[in-house]
Amino acid sequence: MSQSPVPGRDTAYVWIGRGVGGRPDPAGRLLRRAGAALLGRAEAEIVVEHGRDGRALVAACVPGGSVRLPVSVSRSGPVVAVAARAAGPVGVDVERCRALPAVALARRWYAPDEADWLAGRPGDGQVADFLRLWTAKEAVGKALGVGLRGGGLRRRMPVPAGLGGSLRPVPGAARLRVGHPGVAGGLVLAVAVAAADTVPVEVVVVEADGHGGAARRSGHVAAVRSTSADRTSLPVVVRGN
């Protein structure tokens with residue numbers, strides 16, 4: 001399936017690269033692929049840059065100058081996620097499911113009502129629900145351009161509603177939406193966008209395989225402001241406990 005933008009349609013694309021032999025999939029390759037798809041240039045023409053705030057950009061020369069597109073990058077172990085959207089920035093975060101003291105971490109880092117909600121969830125789903133909240137907070141912070149600074153972990157998120165559905169409004173944040181497209185392989189993926197309620201934005205997840213990837217459409221959402229290229233911050237928090 002082509003990842004070229006469709007006229008009249010607002011689409012956020014997420015490329016997922018899975019490392020080989022424990023090595024991360026090179027983010028640069030996925031960034032160039034994103035730039036080529038959304039800027040309409042060959043991958044060899046795409047340059048990866050960083051703004052003054054460290055956020056990633058993809059750029060290409062065009063007649064009369066150059067064009068730049070903000071992108072979002074997230075890493076978890078050997079997995080890399082790159083998100084881009086021609087109509088505006090987007091925030092993405094990915095985490096691998098693994099054993100975590102989910103409720104204890106939520107009591108320390110989340111708002112009390114979110115921690116209470118998590119504690120009331122079935123035990124076998126608490127880690128996934130904790131990570132859905134975590135990735136949502138990260139993705140929204142990237143969409144805002146601030147990451148988790150300024151109390152980002154206390155920023156309330158919509159209660160996770162499973163995978164593959166539409167993005168939902170972030171409580172108390174006009175125009176921001178976040179959700180969790182389904183991804184295989186024990187991953188939790190969050191995508192955040194900002195747009196008017198009346199503007200549908202389709203999310204397409206592309207499993208990068210080195211030969212163009214396999215695209216999968218994943219519900220509808222709404223629009224936004226972008227993101228930074230950071231490794232997961234979750235291990236840092238876990239080590240602090």
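A charge is said to sit over a ring if NZ of Lys or CZ of Arg is within 6 Å of the ring centre and within 35 degrees of the ring normal. The structure in these exercises is a predicted model, in which local features need pLDDT of at least 70, side-chain atom pairs count only at pLDDT 80 or more, and totals for chains, interfaces and linings use all residues. Residues are numbered from 1 along each chain as its sequence is written, and side-chain values use heavy atoms, with hydrogens and water left out.

**Exercise 1. Find the residue that lies over the face of Tyr110, and describe the rings that are linked with Tyr110.**

Step 1. Lys137 lies over the face of Tyr110, at 4.8 Å from the ring centre.

Step 2. For the rings, we need the pairing rule: rings of Phe, Tyr and Trp (its six-membered ring) pair if their centres lie within 6.5 Å, and planes under 30 degrees apart count as stacked, over 60 as edge-to-face and the rest as tilted. By this rule the count comes to three aromatic pairs. One of them joins Phe130 and Trp134, a tilted pair with 6.0 Å from centre to centre and 35° between the planes.

Step 3. Ring pairs link Tyr110, Phe130 and Trp134 into a cluster.

Step 4. Phe130 and Trp134 both belong to helix H4 (residues 126–144), and because they are four residues apart there, about one helical turn separates them. Helices (H or I, at least four residues) and strands (E, at least two) are DSSP runs, numbered from the N terminus.

**Exercise 2. Decide whether Phe130 is buried or exposed, and locate the largest nonpolar core.**

Step 1. Buried means under 20% relative accessible area, exposed over 50%, and partly exposed in between (1.4 Å probe, protein chains only). Phe130 has 1% relative accessibility, so Phe130 counts as buried; Trp134, with a relative accessible area of 0%, is buried as well.

Step 2. A nonpolar core is a set of buried Ala, Val, Leu, Ile, Met, Phe, Trp, Tyr and Cys residues joined through side-chain atoms within 4.5 Å. The largest such core has 24 residues, and those with the most contacts inside it are Tyr110, Phe130, Val140, Met157 and Val178. H4 gives the most to this core, with eight residues.

Step 3. Apart from this core lies another, of 23 residues, among them Ala27, Leu30, Val206 and Ala208.

**Exercise 3. Work out how the length of helix H1 (residues 27–39) compares with its expected span, and what packs against its buried residues.**

Step 1. The expected span of a helix is 1.5 Å times one less than its number of residues. For the 13 residues of H1 this should give 18 Å, which agrees with the 18 Å between its end C-alpha atoms.

Step 2. Ten of the 13 residues of H1 are buried, including Leu30, Arg33 and Gly35.

Step 3. Contact means heavy atoms within 4.5 Å. The buried residues of H1 pack against strands including S1 (11–18), S4 (65–76) and S5 (79–85).

Step 4. Just after H1, Gly40 takes a positive phi of about 70°.

**Exercise 4. Describe the surroundings of Val79 in strand S5.**

Step 1. Val79 lies in S5 and is buried, with a relative accessible area of 5%.

Step 2. Leaving out residues up to four places away in sequence, Val79 touches Ile16, Gly17, Ser74, Val94 and Leu187.

Step 3. Val79 and Asp25 are 54 residues apart in sequence, and their C-alpha atoms are 6.4 Å apart in space.
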